[in-house]
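Colleague: I have not read a model like this before. Please take me through a few of its features.

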Amino acid sequence: MKKIIILAFSLASLMGFSQTGLPQNLIIDGTFGIPDPEDMLSRDLNNDNKKDILVKTYYRNLFWIKNKGNGFEHPELIYESPVEYINDFDSADFDGDGKADIIFSTAKGLFLMKGTGVGAAASFSQPVKLVDESISLFRVGDIDGDGDQDIYFHQPISGTWLINNGNGIFTQGALIFTSLQKPDSVILKDLDNDNKPDLLVRFNATRILRWYKNNGNGSFTFKQEIDDFALGEFFDLGDVDGDGDLDIIHLFENGNVKQFK
């Protein structure tokens, strides 16, 4: 049985909390030479135990901003896509060598750049194609519980995953679902505290939010329809009420927010 608490405040109200007394540190501005930054991740890209910043720009570029511990260095261009727009990106150690790798998707496929840096430097190999089709988004996690990072990805009408063999070499996993309802948002996290990452998927055409349970052997089972009117593609998970399990927070297109306990 799902319980819904509608928090009646808009996104504009949320933005009102931005004026706080917290200290601020300007990391990049117009003088840093990153044209139209669009998205970012906080990852340790050079294995020095400091969180760096990986930035994707509107113009198909990936930049590394090194964390010095007391500030950030000037951005360094990591990759420039020749034609295709970068849809999604992430970073993890896929081959177990202790170096961060970069993965990204475009209309041409899913690509992996392995970390090759020595010391405090962050450098990466040329992209290697993992999937030869348009990938809108993907998620990284240990799906089969063998200690390495696998990859879930959206196809136009389905969801599937790649099995990491432990050295950054991938093989095709089982199909998780097929649907003409066009999946457009996904979270890969453990929803039921069994130490296996599950899938929370929103389908654009029907506005349905579904939970697919990870069985632990690389297969998933449809568990529950969380919402049949999920009007908005932005949602996240967190223990909002402090009871030890994850709740779902869903931002609707009208600015309202739902909590599913």
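**Reading the sheet and one residue**

Modeller: Four strands form an open sheet in the order β6-β7-β8-β9, with antiparallel pairing. Strands here are DSSP E runs of at least two residues, numbered from the N terminus, and two strands pair if DSSP finds at least two bridges between them.

Colleague: Which strands stand at the edges?

Modeller: β6 (88-92) and β9 (128-131) do; each has a single partner strand, so one side of each is left without a neighbour in the sheet.

Colleague: How many bridges join β8 to β9?

Modeller: Three bridges join β8 (residues 109-113) to β9, and the two run antiparallel. F111 stands opposite K129 in β9.

Colleague: How far should I trust the coordinates?

Modeller: This is a predicted model, in which local features need pLDDT of at least 70, side-chain atom pairs count only at pLDDT 80 or more, and totals for chains, interfaces and linings use all residues. Residues are numbered from 1 along each chain as its sequence is written, and side-chain values use heavy atoms, with hydrogens and water left out. pLDDT is the predictor's confidence in each residue, from 0 to 100; the chain's mean is 81, and 76% of its residues reach 70 or more.

Colleague: Is V140 buried or exposed?

Modeller: Buried means under 20% relative accessible area, exposed over 50%, partly exposed in between (1.4 Å probe, protein chains only). V140 has 19%, so V140 is buried. V140 lies in strand β10 (residues 138-141).

Colleague: What is the C-alpha separation of V140 and I151?

Modeller: It is 4.7 Å, although V140 and I151 are 11 residues apart along the chain.
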